[in-house]
Amino acid sequence: MGTSFDLSNQTDDNVNIYECEVRLKFRIIENQLTIDEDDNSALLEALVDAYTYGDDEYLESLESQVNIHAIQALEASPEMRRQLIRLRNSRKLA
């Protein structure tokens, strides 16, 4: 299990954009775990929910790895950059 944080690209502002990568490996006992190619998000949500409850007789954690690092605003989508500007401006007004 590992976690790495690289926050060296942070600016003086409290709000930044982070790129996050999560790798989870676990075994799970399920009655029926249907994989619907059209709805991977529902499957992912169900698996993450099961994982967050922790190890029990139905779930066994094998590996987890989290990598988080701040990125420059220009690396993000225009939508995220606009939201970042809104958040930073609202904090300055407060």
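## Core and side-chain pairs in a predicted model

The largest nonpolar core consists of five residues, namely Val-15, Ile-17, Ile-71, Ala-76 and Leu-84. The structure described here is a predicted model, and the confidence of the predictor is therefore worth stating early: the chain averages a pLDDT of 84, with 81% of the residues scoring at least 70. Among the elements of the chain, strand 3, covering residues 59-71, has the highest mean pLDDT, at 95, whereas strand 1, covering residues 2-6, has the lowest, at 62.

Ile-17, one of the five core residues, has contacts with residues further along the chain. When residues up to four places away in sequence are not counted, Ile-17 touches His-69, Ala-70, Ile-71, Ala-73, Ala-76, Met-80 and Leu-84. Among these partners, Ile-71, Ala-76 and Leu-84 are also members of the largest nonpolar core.

Turning to charged side chains, the structure holds two salt bridges, which are set out in the table.

| Salt bridge | N to O distance |
|---|---|
| Arg-23 with Glu-63 | 3.7 Å |
| Arg-27 with Glu-60 | 3.4 Å |

In the pair formed by Arg-23 and Glu-63, the closest N and O atoms are 3.7 Å apart. Arg-23 lies in strand 2, which covers residues 17-28, while Glu-63 lies in strand 3, so this salt bridge ties together parts that are 40 residues apart in sequence. Arg-23 counts as partly exposed because its relative accessibility is 40%, and Glu-63, with a relative accessibility of 28%, counts as partly exposed as well.

The side chains of Glu-60 and Arg-27 meet in a salt bridge with an N to O distance of 3.4 Å. Here Glu-60 belongs to strand 3 and Arg-27 to strand 2, so the pair ties together parts that are 33 residues apart in sequence. Glu-60, at 41% relative accessibility, counts as partly exposed.

Aromatic side chains supply another link, since a search of the whole structure finds one aromatic pair. This pair is made by Phe-26 and Tyr-51, whose ring centres are 5.2 Å apart and whose planes stand at 40 degrees, so the pair is tilted. The pair links distant parts of the chain, as Phe-26 is in strand 2 and Tyr-51 is in helix 1, which covers residues 40-52, and the two residues are 25 residues apart. Tyr-51 counts as buried because its relative accessibility is 17%, which falls under the 20% limit for a buried residue.

Notes: Residues numbered from 1 in each chain as written. Predicted model: local features only at pLDDT ≥ 70, side-chain atom pairs only at ≥ 80, totals over all residues. Heavy atoms only, no water. pLDDT = per-residue confidence, 0-100. Helix = DSSP H or I, 4+ residues; strand = E, 2+ residues; numbered from the N terminus. Core = buried A, V, L, I, M, F, W, Y, C linked by side-chain atoms within 4.5 Å. Buried < 20%, exposed > 50% of the residue type's maximum accessible area, 1.4 Å probe, protein only. Contact = heavy atoms within 4.5 Å. Salt bridge = Lys/Arg side-chain N within 4 Å of Asp/Glu carboxyl O. Phe/Tyr/Trp six-rings, centres within 6.5 Å; stacked < 30°, edge-to-face > 60°.
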